[in-house]
Amino acid sequence: MNSITASASLWIANPLAIHTNADEDARGGLVIQSGKIVEVVAAGQQPIHFDQQFDASRHVLIPGLINTHHHFYQTLTRALPAALNKELFPWLQTLYPVWAGLEPDMLHQATRLALTELLLSGCTAAADHHYLFPQTLTDAIDIQADAAREVGLRVTLTRGSMSLGQDDGGLPPQHVVQSEATILADSERLISRYHDASEGSMVQVALAPCSPFSVTRDIMLASAELAAKHQVRLHTHLAETLDEEAFCQKMFGLRTVDYLDSVNWLHNRTWLAHGIHFDANEIRRLGAAGVGICHCPTSNMMLASGICPVKDLEAAGSPVGIGVDGSASNDCSNLIQETRQAMYLQRLKYGSSSVTHQDALRWATQGSARVLGRDDIGTLAVGKQADLALFNLDELRFSGSHDPLAALLLCGAHQADYVMVAGHWKVEKGEVAGVDIGALRHSHQQAANRLAAKTN
């Protein structure tokens, strides 16, 4: 199917079930041409025109999943014994010295593996938050851009930063922080080189000071100013734990949302990872400002951080998306599994009748697109980018199911059968075109072993 020419049209015909995030009847499938959806087909109908046909009658069709928060490099430190069974602050203090040993090839391998793992789970776009820039890794975002180009996912690469080390009351060790001048100069360079704001873009750049406990107030203000100048988005971790809330009160004399407001971040170009510990007034303010929230359920459970109030935030006006978070606090980069996890964790908070599988799929697609400031992906409708995932239900886990779309999450789908990005098949029959998975695993594991050995 990769032989389809750019001008040919493909009818993805008569899916077993379809989720579009749109009102139009699409039960007859979609027509794809030149990387876009050009026709939505109603049940029992045929397209006006098509050159080729893909029989989707055994597949559940959904928009490509969109991951709004990750740390690709952390795939190198999964299930690291020293970091097990800890909450956020001690977990970070254990891992910072390990991560400080990152080298360029290690990051390249980690990025390739994370993106490939996401792709196999039905993900077509991903945001990564990279904030570690030791002296051996000053060109980290360039390395990630190259790896993303190789794999073929859309990416939002966030230029993270840490400028508040232990000597000044922060959490990170001093040797992994950078000066404000270095951070801002590299941020401007990366925006100029990689950021593409056009429809259908494959690479966008955002600015992402790491967290209140690892950056100065000055870098938050300066990043906001630079982002406004270039009209790029802002991203950070916020309100993940009660320890963080206490830190903000002690360091700045402010709760987290007041702090966000004080550094000019309370607006609709900002999205936050986690967003757990907000009170009712803070939720109202975030919603009124249009601040996006990335829900990271597995990571929040792993570190016992709490539960994001997703439905309250969404009702207040905040776009809500899903993120797998780092692969050292999730230990998995599987977005369809994360979508299932989000559904179940939010049911625990709001009740089983208040959160549906359609809600979770919306958060992971259209909601995530809104969080990243994109309206060209996340929905299956005419004019949107042809980013989609097809799952078959031929495994034992699905046997006996009656609602195919609900079964996708309730029965625990974990791998897509076909995935398309910008009109190109990237996964076919469960395999990533042109990728030797065994070789990728081997080179990545070798990199992980070398990194861990540095601190042994």
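Okay, one definition before we start: a crossing of two helices is left-handed if the near helix is turned anticlockwise from the far one by less than a right angle, and right-handed if it is turned clockwise. Keep that in mind, and keep in mind too that what we have here is a predicted model.

So, let's go to the first pair, H3 and H4. The crossing of these two is right-handed. Their axes come within 11 Å and cross at roughly 25°. Angles under 35 degrees count as roughly parallel, so H3 and H4 are roughly parallel to each other. Who is touching whom? From H3 we have Ile141, Asp142, Ala145 and Arg149, and from H4 we have Arg189, Leu190, Arg193 and Tyr194. If you sort that contact by class, you get four nonpolar residues, four charged ones and no polar ones.

Let's stay on H3 for a bit. This helix runs over residues 140–151, which makes twelve residues. From the first C-alpha to the last, H3 reaches 17 Å, close to the 16 Å expected at 1.5 Å a residue.

Now, how many of the twelve residues of H3 are buried? Nine of them are, so to speak, tucked away, and H3 counts as mostly covered. If you want to find them on your screens, look for Ala140, Ile141, Asp142, Ile143 and Gln144, then Ala145, Ala147, Ala148 and Val151. And what do those buried residues pack against? On the helix side, there is H2 at 104–120 and H4 at 180–194. On the strand side, there are E8 at 123–130, E9 at 154–161 and E17 at 424–428. Right after H3 comes Gly152, and its phi is positive, near 100°.

Okay, from H4 we can step over to H5, which is residues 217–230. H4 and H5 pack at an angle of about 20°, with their axes 11 Å apart. That makes H4 roughly parallel to H5. And going back to my opening definition, H4 passes H5 in a right-handed crossing. On the H4 side, the residues in this contact are Glu180, Ile183, Leu184, Ser187, Glu188 and Ile191. Facing them in H5 are Asp218, Ile219, Ala222, Ser223, Leu226, Lys229 and His230. By class, this contact has six nonpolar, three polar and four charged residues.

Next pair: H11, residues 335–350, and H12, residues 357–371. Here the axes come within 9 Å and cross at roughly 130°. Parallel or oblique? With that angle, H11 and H12 are oblique to each other. The crossing of H11 and H12 is right-handed. H11 brings Thr339, Ala342, Met343 and Gln346 to the contact, and H12 brings His357, Ala360, Leu361, Trp363 and Ala364. The split is six nonpolar, three polar and no charged residues.

That's it for helix pairs, so on to some single residues.

Let's take Glu282, which sits in helix H8, residues 280–289. Buried or exposed? Glu282 is buried, because its relative accessible area is 3%, and buried means under 20%. Leave aside its neighbours within four places in sequence, and Glu282 is in contact with Arg255, Val257 and His277.

Then there's Arg397, in the loop between strand E15, at 388–392, and helix H13, at 404–410. This one counts as partly exposed, at 37% relative accessibility. Not counting residues up to four places away in sequence, Arg397 touches Cys411, Gly412, Ala413 and His414. For a sense of distance, take Leu113, which is 284 residues from Arg397 along the chain: their C-alpha atoms are separated by 26 Å.

Last topic, backbone angles. Most residues other than glycine have a negative phi. So which residues go the other way? One of them is Asn14, with a positive phi near 50°. Asn14 lies in the loop between strands E1, at 9–13, and E2, at 17–18, and is partly exposed, with a relative accessible area of 34%. Another is Lys429, whose phi is positive as well, near 55°. Find Lys429 in the loop between E17 and strand E18, at 431–432. At 66% relative accessibility, Lys429 counts as exposed. And E17, you may remember, is among the elements that the buried residues of H3 pack against, so that brings us back to where we began.

Definitions and conventions. Residues are numbered from 1 along each chain as its sequence is written. This is a predicted model: local features need pLDDT of at least 70, side-chain atom pairs count only at pLDDT 80 or more; totals for chains, interfaces and linings use all residues. Side-chain values use heavy atoms; hydrogens and water are left out. Helices (H or I, at least four residues) and strands (E, at least two) are DSSP runs, numbered from the N terminus. The expected span of a helix is 1.5 Å times one less than its number of residues. Buried means under 20% relative accessible area, exposed over 50%, partly exposed in between (1.4 Å probe, protein chains only). Contact means heavy atoms within 4.5 Å. Axes are lines fitted to C-alpha atoms, for helices over the stretch in contact, and angles run from 0 to 180 degrees between N-to-C directions. Angles under 35 degrees count as roughly parallel, over 145 as roughly antiparallel, 65 to 115 as roughly perpendicular and the rest as oblique. Ala, Val, Leu, Ile, Met, Phe, Trp, Tyr, Cys and Pro count as nonpolar, Asp, Glu, Lys and Arg as charged, and the others, Gly among them, as polar.
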